[in-house]
Amino acid sequence: VLIPPPSLSAKYEGSFAYLTVRDRLPMILTKVIDTIHRNKNNFFEKHGEVGVDAEKRAISFLSKLRNELQTDKPVLLLTDSADDTEAWNRYMQRQQDLMEDGQPVSWFKSPWLYVECYMYRRIQEAMWLSPPIGDFDAFKEGKTSSFFESQQAIISLCTYLREILASTDNASKKWLFEHFFRLLQVSLWGNRCDLSISAGQENSQKSNPMDCLADLQQFILVDDSDKVWSVLTSAQGSGEGTEKTGVRVDIILDNAGFELVTDLVLADFMVSVGLAKEVHFHGKSIPWYVSDVNKQDFDWTISQTTASNHKHMSSCGVQWKRHVKDGAWSYHDHRFWTLPHEFCDMPAEAADLYSTLQGSDLILFKGDLNYRRLTGDRMWEHTVPFERALRGFLPAPLCSLRTLKANVQVGLQPGQAEKLASQDPEWMISGKYAVIQFCSPLKE
Ligand code: F6P
Ligand code: MG
């Protein structure tokens, strides 16, 4: 058995993991505390005195959490009784077993992926332990304003989609292929707009996303889009004579705001031109990494789009509602998406989810955090094949659409990483570079 390389961790002083735990995570917590406080009047007080007490209680939990983090205190067991609590506490024990010399699992000594996920779960714990405000999403405001700030870009993108779908020459294979590639890239670059890397500061799409694609092409370090295309098109044929009813694509969503719109546009295109019959969207069941999509964000985004004054934007919204209504689109969540495990743990930890994903013809994993979990957030050499870093996680053909925001990247050519590092020391963390990286269990 090959032993995988160590996890990224804040224990490597000066690393991006270290800077994140030292600076960005406390900033995010401070913002959450401020948001709760600011909503005292218009949200918590509505619940009367219990609401006011809940606000105080949540703030005191979160201040304590920030202090534990900043002083590198041991990580504590969760004390709520949600359906994932036990899985979290078991995982902590597993982290404990990995510590050298019996040192406690802590913010600056344990794997970055684990402690960062744990922070978001502790935020949720603070809410759950403060009824009646358990479902308050402190990141909601940020997500909605980033949607509004990207308004022009969203209009341009919706206009592009409606116009190409209305054009008369949409039957040729070349036409399909070209527009699919463009929309795949728009969805890729949409991933730059997340609010976690910016610690909750504004980060929206301002320019017309279609105009920059050609200039951005040079920053795509691995581009497997032709493989994505061939898996999609060959899946079309594979249904004949079998029980298969049509191609199913799964999108493991990342951020709300502009990125979600790019994903919906791509999904609308695939369904409208018949590249896919069904799209299953997977989102988070609790607020996560500042801007990640949950059910409320998904529904809100579609209704906002429907209600737009712009004719192409609103007709996109109407179309999206129809896709949901007639079952071509469906939204799913699963607690595994907000657990800290590497994806190679999925068959053991969430066998039901793994077998659901096995029914897909193509799984698109959006964003940086999904890439970190695909590769285990480990210090792989950059030339290690993607498939090896997946360590057996391959429920169906899959593709990561990710802008680089953490120190993990596999599947590069020999010398490629060294060249990038010499030109731009921040290449792995700035979100300037991206990959469209594919892997398939099917033999070609
Ligand atoms: O390090 C940047 C970061 O905040 C990471 O914590 C996380 O991997 C990522 O950004 C979130 O990005 P995305 O929304 O693309 O998953
Ligand atoms: Mg995200």
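How far apart do the C-alpha centres of domain 1 and domain 2 lie? They lie 28 Å apart. The model is predicted: local features need pLDDT of at least 70, side-chain atom pairs count only at pLDDT 80 or more, and totals for chains, interfaces and linings use all residues. Residues are numbered from 1 along each chain as its sequence is written, and chains are lettered from A and ligands numbered from 1 in the order in which they are written.

**View 1. Contact between domain 1 (16-128) and domain 2 (140-439).** The domain bounds come from an automatic or database domain assignment. Each domain supplies 19 residues to the contact (C-beta atoms, placed from the backbone, within 7 Å). On the side of domain 1 that touches domain 2, helix H4 (112-128) gives the most, with eight residues. Helices and strands are DSSP runs (H or I, at least four residues; E, at least two), numbered from the N terminus.

**View 2. The open sheet of seven strands.** The strand order is E1-E7-E6-E5-E2-E3-E4, with mixed pairing (pairing requires at least two DSSP bridges between two strands). Strand E1 (220-223) and strand E4 (329-333) are the edge strands, each pairing on one side only. Strands E6 (residues 398-403) and E7 (residues 434-439) run antiparallel and are joined by six bridges. Leucine 398 stands opposite cysteine 439 in E7.

**View 3. The shell around ligand 1.** Of the 15 residues around ligand 1, those that come nearest are Asp194, Ser196, Gly367, Asp368 and Leu369 (a residue is near if its C-beta atom, placed from the backbone, lies within 6 Å). Helix H15 (residues 367-374) gives the most to this shell, with four residues.

Methods: Two residues are in contact if their C-beta atoms, placed from the backbone, lie within 7 Å.
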